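Visitor: I'm new to this one, and I'd like to know where the labels come from. Could you walk me through them?

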Amino acid sequence: MTLTGSLRSFVQPAALLRPARQRPVLTRETDLATQRSAGDWVTLGGIPVRLLDFDEALNSIVDRATNGGTLPLAIASANLDHVKHFGEGNRWAGTLERQSTVEWLTLLDGAPLVSEARRITRRPWPRLAGSDLIWPVLDAAGAAGLRVGFLGGTADTHALIREKFATLHPDLAVAGWWAPERSSLTDPQASLALAAEISASGTDILVVCLGKPRQELWISEFGHLTGASVMLAFGAVVDFLAGRVRRAPTPVRDLGLEWAWRLALEPRRLANRYLVDGPEAYLKLRRFSGAGRILGDTLGVYGPKNLQKQNLRSRPEREEGFSPREERTDVAVLVVTYNSENDLPLLLDSLKPETREQSIKVIVADNSPTPATLLALRHRTDVHAFPTGGNLGYAAGINAAMKRAGAADSYLVLNPDIRVEPGSVRALRERMTSSGAGAVVPLLVDHDGSVYPSLRREPSVSRALGDAVMGSMLPGRPAWLSEMDFDTESYQHPHQVDWATGAAILIRPEIVEQVGDWDESFFLYSEETDYLHRIRELGATVWFEPRARLHHSRGGSGASPILDALMATNRIRYVRKYHPVNYARAFRAAVVLSALLRAPLAHHKNILAVVRSEKCWDELPHGFLHAEEATPAMGLPRGSIIIPAHNEASVIARTLSHLVELAALEQVHVIVACNGCTDGTEDVLAAFPDISVISIAESSKTEALNAADALARYWPRLYLDADIEIDESAVRMLLRALNGGGLLAARPASRYVTDDASFFVRAYYRARSRIPALNNCLWGGGVYGLSEIGHARMGQFPLVTADDYFVDRLFGQKEKQVLPTEPVLVRTPLTVKALVGTLRRVYGGVKEQTGLAKSAHITVSQLLASVRGPLSTFDACVYAAFAIAGRIRRAKPLRWERDESSRRPGDPSQGSAAPVKRGLRHG
């Protein structure tokens, strides 16, 4: 006798419980593998549905509740509402099937799905609605002594059901009634407490009536913690049991019109489900249906069965610390940095506790223009950090880090401004294992604790138009009108996504191998959209895991109109890569519309011009690869910086404050050559232990330069006046340029600062800045550099007043260059008297070497060519007057003199927006 047959005496009259026709009975001895043969499954709207008769379904439920199993069994009903939430292309698609804590059995419900199953299999199948199954399940539970619990509904509804059970089911053991608030169901800690309470009650069968999709999602996440062997996701069953909602008459149900009956009873609550969402779900049902478990067939090598699950086995707690790069680890963390010296240590501090339960190694690819980020890691010997050689962009940085990462069971890409909450890395890995995902993204939390909406949908024309017109307004608009997912519920449960912001992504090693490099043409923005698109093209999935909580400051890339324009243009580039020309044109029109609507805003005023004209796109930020590094371990070519100093106590500390970090790298040898100092300059230098200092008794710049040359260790060499503040990026660019073999001599750009100067001095320098011949030479900036070959052409420094003018004359125009660096700011003399005195010394030094006739002819011709109006005419006249005054009396030769009016003591702690040089060298 079958189990169902043994319960017939306990069953209520058939007319009240279920359809009265005869059904085949599934015996308890039926092989489970036979139950799951391919012919018993269909895919309806993208959902795998098990085709069973009524008694087969009933026996499956009772058997599992009585005998248990490896996993608890969860029952879901497949109707159009289920297709709407869990069908192909929907937010929760695959959520139930791609997890390993609960075994889902989805039964056929809903007249349209019954008809579709009949069309596919060419045989009739019954509807297995929860409202039909619940009474027989309760009958069987009472007969077998099983404990039943009810989750969902209200306390009043539960009271009505208890009254009915007192009459109809006096022997039914009810384990408990739970009517939680909705807010507690979205709170992980509250849900864990609820599951523990249910587990303590000894529930065998848990009837979950929370409504779709909440009930299925809650069961997937917390059901295995309730202790129940069977969980029934039966929606509004509590209302039917309590008598609050009447079932449709049998003829109405047989005609497939129960939806109309329910709509008539509850029009306000159900109108949207049946009249708005229903037609869309029906179209999806007809489009994505077929024989067999289509979803299961497409998992391929990325399915849960093919994962290296041993990586998540229980392990004794490890000693905290990152693993060596050469070791195969559970996780390899890849971080791309750009001026991240403040953020990166905080990330590493938050990440290190994660190493207690898994092995982690960290690889940092530094795109920064200065060594500050690498210096911040000097004492972290367990982190492998290296320079990329330039600002290559985010994608190129990831590629560079991946090439150095070595073997790992997963690769975690992190922004440097991320902070990792405890257990987050483990949660990402668990989701990858349970879902078979190719990549997993976490929940991102803003600095104020609010959830950042990081989830995105595939870019499309309709979404671009919706975002252009509505922006962040109407966040609840349909998915086809917004690329960003604003729905709060999306951030409460794990599910598949199209893509997410690239601040944190865990990637499977097989995916890394098959997808290949990140597309470096995007530089910044859309590179993660492209990479995750290629993951999906492989047939793999991208999943979101809310248990992994990472704090993200969103400041790593900065913010500016240029970057906003780059973001907009990269979206267009992305769509062009994957769509036909006409579609891409329509998408670009939507992006232009967005820029047009926001053009009145100050921050967006330049974006419209950029997205409209592709000629501007080449001017947007792009990867910049430096010359080949002489010492790639530190990312800075070797070189020496020589600073002659004579009584520079008031300014030398300010100058060295910009070089101290470079000197600490030991790739740059910084030498200060004190000559004839009597003002305590050497005492100031004692505070800089990484700076080499030599002392010469004679007050001679020439002797100082030659003595320092004899001591310097590296080529090329920069010769820097002691009152200059030069930016680190300018030093790096000069050394790289002179290491490349093409240039023999170079200097950085410079700019005059005349804020405190007199009216006529300002006019003089306005005119001077318009003369190309005076701005394209090595002299006048207080710093220049020589390669080893260039220096060999000169030999030792000769005994001349104007050493930079002498060096400039040694090289042709193709051998020297003024590089477009962060400019040195030259603070000019402040008074007419000081300027005239400086010019006399300058012209005397030039005449000492070549005479003035030729240079004067060139200067006069370019001065006349610079005249464009009354102001420039006035400036030219002032320049000519000063030039004549400077030539009246020759400056005394072979003396190192300087203008004191502009030399003011500097505070090295204050810094500056740009390098500062005080005093005019040559004019």
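Guide: Let's go through some labels one by one, bearing in mind that this is a predicted model.

Visitor: What makes the pair Tyr719 and Phe797 edge-to-face?

Guide: Ring centres have to lie within 6.5 Å to pair, and planes over 60 degrees apart count as edge-to-face. The centres of Tyr719 and Phe797 are 5.1 Å apart and their planes stand at 75°, so the pair earns that name. Tyr719 belongs to strand S24, while Phe797 sits in the loop between helix H34 and helix H35, 78 residues apart.

Visitor: How do you know whether Tyr719 is buried or exposed?

Guide: Buried means under 20% relative accessible area. Tyr719 has 2%, so Tyr719 is buried. Phe797, at 5%, counts as buried too.

Visitor: And what kind of pair do Tyr764 and Tyr765 make?

Guide: Their ring centres are 4.9 Å apart with planes at 85°, so this pair is edge-to-face. Tyr764 comes out at 0% relative accessible area, so it is buried. Those two rings also join Tyr752, Tyr879 and Phe882 in one aromatic cluster. In total, the structure holds 18 aromatic pairs.

Visitor: Which residues touch the most other members of the largest nonpolar core?

Guide: Tyr764 and Tyr879 are among them, along with Ile641, Ile643, Leu656, Leu659 and Ile726, in a core of 56 residues. The helix that gives the most to this core is H38, with 6 residues. A separate core of 42 residues includes Val336, Tyr411, Ala540 and Val542.

Visitor: Why is the contact between Arg766 and Asp875 called a salt bridge?

Guide: The label asks for a side-chain nitrogen of Lys or Arg within 4 Å of a carboxyl oxygen of Asp or Glu. For Arg766 and Asp875, the closest N and O atoms are 2.9 Å apart, so the pair passes that cut-off. Arg766 is in helix H32 and Asp875 in helix H38, so the bridge ties together parts 109 residues apart in sequence. Asp875, at 0% relative accessibility, counts as buried, whereas Arg766 is partly exposed at 28%.

Visitor: What about Asp343 and Arg419?

Guide: Their side chains meet at 3.3 Å, N to O, in a salt bridge. Asp343 has 26% relative accessibility and counts as partly exposed, and Arg419 is partly exposed with 21%. The search of the whole structure finds 35 salt bridges.

Visitor: How many residues of helix H23 are buried, and what does that tell you?

Guide: 9 of its 11 residues are buried, so H23 is largely enclosed by the rest of the structure. Among the buried ones are Glu527, Asp530, Tyr531 and Arg534. Just after H23 comes Gly539, with a positive phi of about 95°.

Visitor: How do you know that both faces of strand S13 are covered?

Guide: Look at the two sides: Tyr411 and Val413 are on one, Leu412 and Leu414 on the other, and all are buried.

Visitor: What makes S10 and S13 count as paired?

Guide: Pairing takes at least two bridges. S10 and S13 have 4 bridges, in the parallel sense, and Leu334 stands opposite Val413. Strand S19 is joined to S13 by 4 bridges as well, but these two run antiparallel. There, Leu412 has Leu506 as its bridge partner.

Technical notes. Residues are numbered from 1 along each chain as its sequence is written. This is a predicted model: local features need pLDDT of at least 70, side-chain atom pairs count only at pLDDT 80 or more; totals for chains, interfaces and linings use all residues. Side-chain values use heavy atoms; hydrogens and water are left out. A nonpolar core is a set of buried Ala, Val, Leu, Ile, Met, Phe, Trp, Tyr and Cys residues joined through side-chain atoms within 4.5 Å. Buried means under 20% relative accessible area, exposed over 50%, partly exposed in between (1.4 Å probe, protein chains only). Rings of Phe, Tyr and Trp (its six-membered ring) pair if their centres lie within 6.5 Å; planes under 30 degrees apart count as stacked, over 60 as edge-to-face and the rest as tilted.
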